[in-house]
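Me: Please take a close look at the open space in this model, and then work outwards from there to the rest of the chain. I would like one connected account, with the cut-offs behind each term stated as you go.

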Amino acid sequence: MRVFAIADIHLSKAFPKPMNIFGPEWDGHPEAVFEEWRKVVTEDDLVIVAGDISWAMKLPEALLDLADLAQLPGTKVLLRGNHDYWWPSISRLRQVLPPRMHALQHDSLIIGNLAIAGSRGWDTPGSYNFTPEDEKIYKREVERLALSLKTLQGHDYEHLVLAMHYPPYGPTGGPTGFTELIERHRPTCVVYGHLHGADPDRLPKDWKGIPLHFVSADVVHFRPQLILETPHQIHTYQPSQQTHI
């Protein structure tokens with residue numbers, strides 16, 4: 001099983017929103033997402049979609065985008081981003097997700113020998129215009145990531161991928177409550193997105209030896225990035241292994 005990741009695909013089938021207003025690198029979106037995905041992902045692979053999936057405001061609108069995503073090869077694991085306003089309660093979302101599509105929210109998945117945990121994240125102390133309300137949300141998101149990791153206690157797995165939408169480190173690359181959890185749990189790797197227009201060469205590549213994969217769609221040229229390969233296959237997934245709060 002190969003594990004890929006991509007973030008910020010910003011689909012908008014219900015109300016098409018041209019993304020090239022954000023820069024010429026978005027020319028050809030969203031078709032570029034679908035084309036690049038099919039070039040590298042097979043049905044036996046897994047893709048983590050780390051937030052900002054759809055511009056939709058309501059779930060029925062977002063389901064049009066999720067249906068298009070479901071037609072692409074591979075099993076998908078979805079994480080909420082700051083623009084995913086359509087995301088309802090996790091129980092309601094899981095009831096309507098297409099086959100081979102899973103959503104994480106304060107919990108985890110175990111597929112074969114792979115565990116996936118994660119949280120949306122948020123701006124961290126020291127960020128531009130960081131407000132007392134941001135501080136509350138930041139602390140809440142740290143706790144949610146801790147809860148997600150806690151659900152893995154007592155389960156067997158070989159690899160752990162920690163998925164976030166926001167970067168786990170601070171605005172100058174310094175430590176945060178998220179990086180503290182990374183140090184404590186030592187995942188195989190971390191994936192994140194959210195940033196646009198950033199030079200990936202200037203961003204941290206690891207956190208104390210743990211690889212950090214920055215996978216915003218425009219930065220990776222809309223191609224899901226291979227982050228891990230394991231000998232186990234997707235079909236070993238058991239729904240009873242999923243835990244949630």
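**The largest pocket and its surroundings**

Reply: The largest pocket holds about 280 Å³ of space, a volume that is the space filled by probe spheres set on grid points joined across faces, edges and corners. This is a predicted model, in which local features need pLDDT of at least 70 and side-chain atom pairs count only at pLDDT 80 or more, whereas totals for chains, interfaces and linings use all residues. Residues are numbered from 1 along each chain as its sequence is written, and side-chain values use heavy atoms, with hydrogens and water left out.

A pocket here is an open set of points on a 1 Å grid over the protein atoms alone, where a 1.4 Å probe fits and protein lies on both sides within 12 Å along at least five of seven lines; a lining residue has an atom within 4 Å of a point. Of the 17 residues that line the largest pocket, Asp123, Ser127, Pro167, Pro171 and Leu195 are the closest to its centre. By class, the lining of this pocket comprises nine nonpolar, six polar and two charged residues, where Ala, Val, Leu, Ile, Met, Phe, Trp, Tyr, Cys and Pro count as nonpolar, Asp, Glu, Lys and Arg as charged, and the others, Gly among them, as polar.

One of these central residues, Leu195, leads on to Val219, since setting aside neighbours within four places in sequence, Val219 is in contact (heavy atoms within 4.5 Å) with Leu195, Ala198, Pro200 and Phe214. Val219 sits in the loop between strand 10 (210-214) and strand 11 (225-229), and the C-alpha atoms of Val219 and His196, 23 residues apart along the chain, are 7.3 Å from each other. Helices (H or I, at least four residues) and strands (E, at least two) are DSSP runs, numbered from the N terminus, and by that count the chain has five helices and 11 strands.

Strand 8 (residues 189-192) contains Cys189, which counts as buried at 1% relative accessibility; buried means under 20% relative accessible area, exposed over 50%, and partly exposed in between, with a 1.4 Å probe and protein chains only. Apart from neighbours within four places in sequence, the contacts of Cys189 are Leu160, Val161, Leu162, Ile210, Pro211, His213 and Ile227. With Leu160, 29 residues away along the chain, Cys189 has a C-alpha separation of 7.1 Å. Glu180, in helix 5 (residues 177-185), is partly exposed, with a relative accessible area of 47%.

A nonpolar core is a set of buried Ala, Val, Leu, Ile, Met, Phe, Trp, Tyr and Cys residues joined through side-chain atoms within 4.5 Å. In the largest nonpolar core, of 33 residues, those touching the most other members are Ile9, Ile53, Leu69, Leu78, Trp86 and Leu93. Two or more residues are given to this core by each of strand 1 (2-6), helix 1 (31-40), strand 2 (46-50), helix 2 (59-70), helix 3 (90-96) and strand 4 (101-103), and helix 1 gives the most, with five. Another core lies apart from this one and has 26 residues, including Ala117, Trp122, Ile137 and Tyr192.

Neighbours within four places in sequence aside, Ile9 is in contact with His29, Val33, Val49, Asp52, Ile53, Leu69 and Ala217, and two of these partners lead to backbone features. Most residues other than glycine have a negative phi, and most peptide bonds are trans. The peptide bond from His29 to Pro30 is, however, cis, with omega near 10°, and Pro30, in the loop between strand 1 and helix 1, counts as partly exposed at 25% relative accessibility. Asp52, in the loop between strand 2 and helix 2, has a positive phi of about 50° although it is not a glycine, and Asp52 is buried, with a relative accessible area of 2%. His106 also has a positive phi, of about 65°, and lies in the loop between strand 4 and strand 5 (108-111).

For the chain as a whole, the radius of gyration, taken over C-alpha atoms, is 17 Å, which agrees with the value near 18 Å for a compact globule of 245 residues, the globule rule being 2.2 Å times the number of residues to the power 0.38. Buried residues make up 56% of the 245 residues, and among contacts between residues at least 6 apart in sequence, 75% join residues at least 24 apart.
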